[in-house]
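Hi,

Here is the structure I promised to pass on. Have a look at it first, and then read my notes below.

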Amino acid sequence: MKPVRFISATLAAAACAAATGALAAYPDKPIVLVVPFAPGGSTTVVARAVAERAEKLLGHPIIVENKPGAGSVVGSNVVAKAAPDGYTLLVGQTGFAVNASLRKNLPYDTLKDFTPIALLADHPGVFLAQAQKPYNTFKEFIAYAKAHPGKVTYSSAGVGSWPHLSMAMFANEAGLSLVHVPYQGTGPAKADLVAGRVDVKIEAYATSRAMVEDGRLKVLAVTSTQRAAELPDKPTIAESGYPDYETSYWIGVLGPAGVPPDIVAKLQQAFTAAAKDPAVAAQMRQQSIVPRGLPAADLDALLKKEIAKWREVIEDSHMEKQ
């Protein structure tokens, strides 16, 4: 019996060593980073900038793949169903948290089926008005909206989009009756705002800066808790009488559930360092995006907070699930 015990112990030790060696060798092939939107938006900008640096730190390519569809559900589901080996990752963002309450039949559980890895960046929203509208400050807008209930319109890229829910949250807190005009995408929503066919819109400053700088749109307020560095003279909505109001568009990296802790640690180290890299951070700031580079625990806490926040907004606004 002694030889049998010896052989069993040897096999167990060999298996353990092999597993440790596999983790130590990670990665040994390209990593796929899924962006669940079409190319061109700030999510892709951040993903590509960070991936370019992170792949140098990890020693293997990171391939950024855009897989749009169903408000980020298609790409997110690809990652949820992937093998938990660290080779298929998701670029999650605010809409990822929104979908947990907005979508009727998600093919995954937003919290249980993913492994947070790193919070890469965020960027503030701005409360925009068409240049010719008769209000030039946020307080003037509030007064105008209260004097014209049900007459002020706002656009968004669609029902349940971050701009839609951010404005709905504000209307709930301020007790305003605003009319939502959803569009099929950011482009037409912004075009009608510039043309004056709708009155106001919340949008990321990163994607509206050019139109603000050339005078077609005006910023009335900022949606983050602190004033934007590029707009030091524009108040936050919080400091304008709504202290509980805050919304920003965040971007992070997640893997499928069950990614081994050693691999999570390697990925966390690479992605947080990449987001903080001076050249990458400068590239983000040029797009009015704030680099963060925070660990998995921060992303996990933010995701839980965001799910609860947007669930409340959706319920308070009596939105029909999609």
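Among contacts in the chain between residues at least 6 apart in sequence, what percentage join residues at least 24 apart? The figure is 80%. Keep in mind as you read that this is a predicted model.

Here's the overall picture. The chain has 322 residues, and 50% of them count as buried. You'll find eleven helices and ten strands in it. Measured out along its principal axes, the C-alpha trace spans about 90 × 40 × 30 Å. About 14300 Å² of the chain is exposed, with 56% of that supplied by carbon and sulfur atoms.

Now for the inside. The largest nonpolar core holds 84 residues, and the ones touching the most other members are Leu33, Leu120, Phe127, Phe141, Phe170 and Phe271. Try clicking on Leu33: leaving out residues up to four places away in sequence, its contacts include Ala47, Ile62, Leu89, Val253 and Phe271. There is also a second, separate core of 14 residues, with Val126, Met211, Val212 and Ala228 among them.

Ala228 is worth a stop. Ala228 sits in the loop between strand E8 (217-222) and strand E9 (248-256), and it counts as buried because its relative accessibility is 8%. Ala228 and Gly125 are 103 residues apart in sequence, yet their C-alpha atoms are 9.3 Å apart in space. Ala228 also touches Pro124 and Val222, again not counting residues up to four places away in sequence.

Next, the rings. A pair of aromatic rings is described by the distance of the centres and the angle of the planes. This structure has 14 aromatic pairs. In one of them, Tyr108 and Phe114 meet edge-to-face, 5.3 Å centre to centre and with 90° between the planes. Tyr108 is buried, at 6% relative accessibility, and Phe114 is buried too, at 5%. Phe127 and Phe170 make another edge-to-face pair, with 5.6 Å between centres and 75° between planes. That pair links distant parts of the chain, since Phe127 is in strand E4 (residues 114-130) and Phe170 is in helix H6 (residues 162-174), 43 residues apart. Both Phe127 and Phe170 are buried. They also belong to a cluster linked by ring pairs, together with Tyr135, Phe138, Phe141, Tyr144, Tyr242 and Tyr245. Elsewhere, Lys29 lies over the face of Tyr87, 4.7 Å from the ring centre.

Helix H9 (residues 261-276) makes a nice check. With 16 residues at 1.5 Å each, H9 should span 22 Å, and its end C-alpha atoms are 22 Å apart, so the two agree. The buried residues of H9 include Ile263, Val264, Leu267, Ala270, Phe271 and Ala274. An α-helix has 3.6 residues a turn, so residues three or four places apart point the same way.

Last, some backbone oddities. Most residues other than glycine have a negative phi, and most peptide bonds are trans. Which peptide bond is cis, with omega near -10°? The bond from Tyr26 to Pro27 is, and Pro27 lies in the loop between helix H1 (2-25) and strand E1 (31-35). Ala70 is not a glycine but has a positive phi of about 55°; you'll find Ala70 in the loop between strand E2 (62-66) and helix H3 (73-80). Ser288, also not a glycine, has a positive phi of about 65°. Ala70 is partly exposed, with a relative accessible area of 43%, whereas Ser288 is buried, at 2%.

Cheers

Key. Residues numbered from 1 in each chain as written. Predicted model: local features only at pLDDT ≥ 70, side-chain atom pairs only at ≥ 80, totals over all residues. Heavy atoms only, no water. Phe/Tyr/Trp six-rings, centres within 6.5 Å; stacked < 30°, edge-to-face > 60°. Buried < 20%, exposed > 50% of the residue type's maximum accessible area, 1.4 Å probe, protein only. Helix = DSSP H or I, 4+ residues; strand = E, 2+ residues; numbered from the N terminus. Lys NZ or Arg CZ within 6 Å of the ring centre and 35° of its normal. Core = buried A, V, L, I, M, F, W, Y, C linked by side-chain atoms within 4.5 Å. Contact = heavy atoms within 4.5 Å. Areas by Shrake-Rupley, 256 points an atom, 1.4 Å probe, with all protein chains shown as cover. Expected span 1.5 Å × (residues − 1).
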